[in-house]
Amino acid sequence: MEGMAFDYLAKLLEPCPVEDFLKSSWGRSFKHVRGRPGRFSELLPWDRLNEILGRHRLDFPRLRLTENGQSLPSSKYLRHVQAGRQKISIPRLLPAELNAQLRRGATLVLDAVDELHAPLEELAQKLELAFREHVQINAYAGWRTSRGFDLHWDDHDVFILQVAGRKRWSIYGMTRPFPLVRDVERAQKPAAGTPPVWEETLTDGDLLYIPRGWWHVALPLNEPTLHLTVGIHNRTGLDLLRWVGERLRASEHLRMDLPRFASQAEREAHMQRLRAALMEEWSAPELLERFFQDQDANASARPALSLPWSATPETLPPAPDAVVRLTAPRPLELNADADANGQLEFSCLGKRWRFAAEALLVLRPLNERRVCSVKELCEAAEGKLDERTVRVFLGELVLQGLLAIQDGP
């Protein structure tokens, strides 16, 4: 699974090897990769963007227009109508007004477009398998020369995929190491006159990686331009500390009230007990690995429905070429052997799953390829499980949300 996930990342970064990128750029420095024209065009063609804008009830701030670092009032391109007896407020896009603002220089921003377009959802899912972190994709479209955002930094790593047109980017690096949104000290803007550490024009098919906390700004070049920002939200030491704090709920000393009115000696003794409990947890072997495993086990899956079949007694289509997809957002940690009780166990979607050891015959190919036909899974289990047993097992996984039925591979 790791290999398949990183194979996709390799295609995204080519000709830059993934190993080189992770060693020299990931979390450390920007990376610009030239690409052939049209390389990303199928991810979000202009006509598909038009369709999304026309068919979905998109409201501010998910859909917004920005100009020179400021969001325009949504009333300039949206209106809300009252629908039904309950007078529900529904956002309606105003095409003429939207076009007028874009012609004047506004930038169109659409957040979480990966939830609205299947190719982008697939891209996000594959990158989540590789990085094991949440991924969100936003779309940015501009036409004139006004910048959509002022010089700024993001609180997550980003990949810029230039889908169409060109855009001029300037990168300035960090002024505060690894800044946070809610920080004890603000990251100061680069001083006036500070030259960028990198400045170049992204063209159709280019990729640009910018680590968290690096100041940057982008300018359209008086032509239609469309790019995608793929945001990866990595964990920090503060996330680890919060997780350890939650685990310390098991400690009696940590649950006790703090001794506000006790003597100094009693306070010191209490603090010593707290330090001992904290250090015992913090010094546990492979603490970081356990943290990552827990985060993976509790990661939420993207909604995946299997109608009409999941609401029928059959659950699965009768055709052997019916296709199912593993919905787990992280690779399953499948042990090669069953436990002493002859069972296979793993954690996923916030639950502990337990199956007979033979289930590994079906789960292993699903974990490796993510998408399989019912026939392929029956063949993988041949000799150990009959077709009816495999189908019943797959149907149960569909009902439990670990599998989804799809139209084709």
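**Legends to views of the predicted model**

Of the 409 residues of the protein, 43% count as buried. The coordinates belong to a predicted model.

**View 1. The whole chain, with its 12 helices and 18 strands.** The C-alpha trace of the protein spans about 75 × 70 × 55 Å along its principal axes. The exposed area of the protein is about 22400 Å², and 50% of this area is supplied by carbon and sulfur atoms. When contacts between residues at least 6 apart in sequence are considered, 76% of them join residues at least 24 apart.

**View 2. The crossing of helix 10 (residues 360–369) and helix 12 (residues 387–399).** Two packed helices are described by the angle between their axes and by the distance between those axes. Here the axes of helix 10 and helix 12 come within 11 Å and cross at roughly 55°. Helix 10 is therefore oblique to helix 12, since this angle lies outside the ranges that count as roughly parallel (under 35 degrees), roughly perpendicular (65 to 115) and roughly antiparallel (over 145). The crossing of helix 10 with helix 12 is right-handed.

**View 3. Side chains and backbone at the contact of helix 10 with helix 12.** Helix 10 contributes Val362, Leu363 and Leu366. These residues meet Val390, Phe393, Leu394 and Leu397, which belong to helix 12. Classified by residue type, the contact of helix 10 with helix 12 comprises seven nonpolar residues, with no polar and no charged residues.

Definitions and conventions. Residues numbered from 1 in each chain as written. Predicted model: local features only at pLDDT ≥ 70, side-chain atom pairs only at ≥ 80, totals over all residues. Heavy atoms only, no water. Axes fitted to C-alpha atoms, helices over the stretch in contact; angles between N-to-C directions. Helix = DSSP H or I, 4+ residues; strand = E, 2+ residues; numbered from the N terminus. Left-handed = near helix turned anticlockwise from the far one by under 90°. Contact = heavy atoms within 4.5 Å. Nonpolar A, V, L, I, M, F, W, Y, C, P; charged D, E, K, R; others polar. Buried < 20%, exposed > 50% of the residue type's maximum accessible area, 1.4 Å probe, protein only. Areas by Shrake-Rupley, 256 points an atom, 1.4 Å probe, with all protein chains shown as cover.
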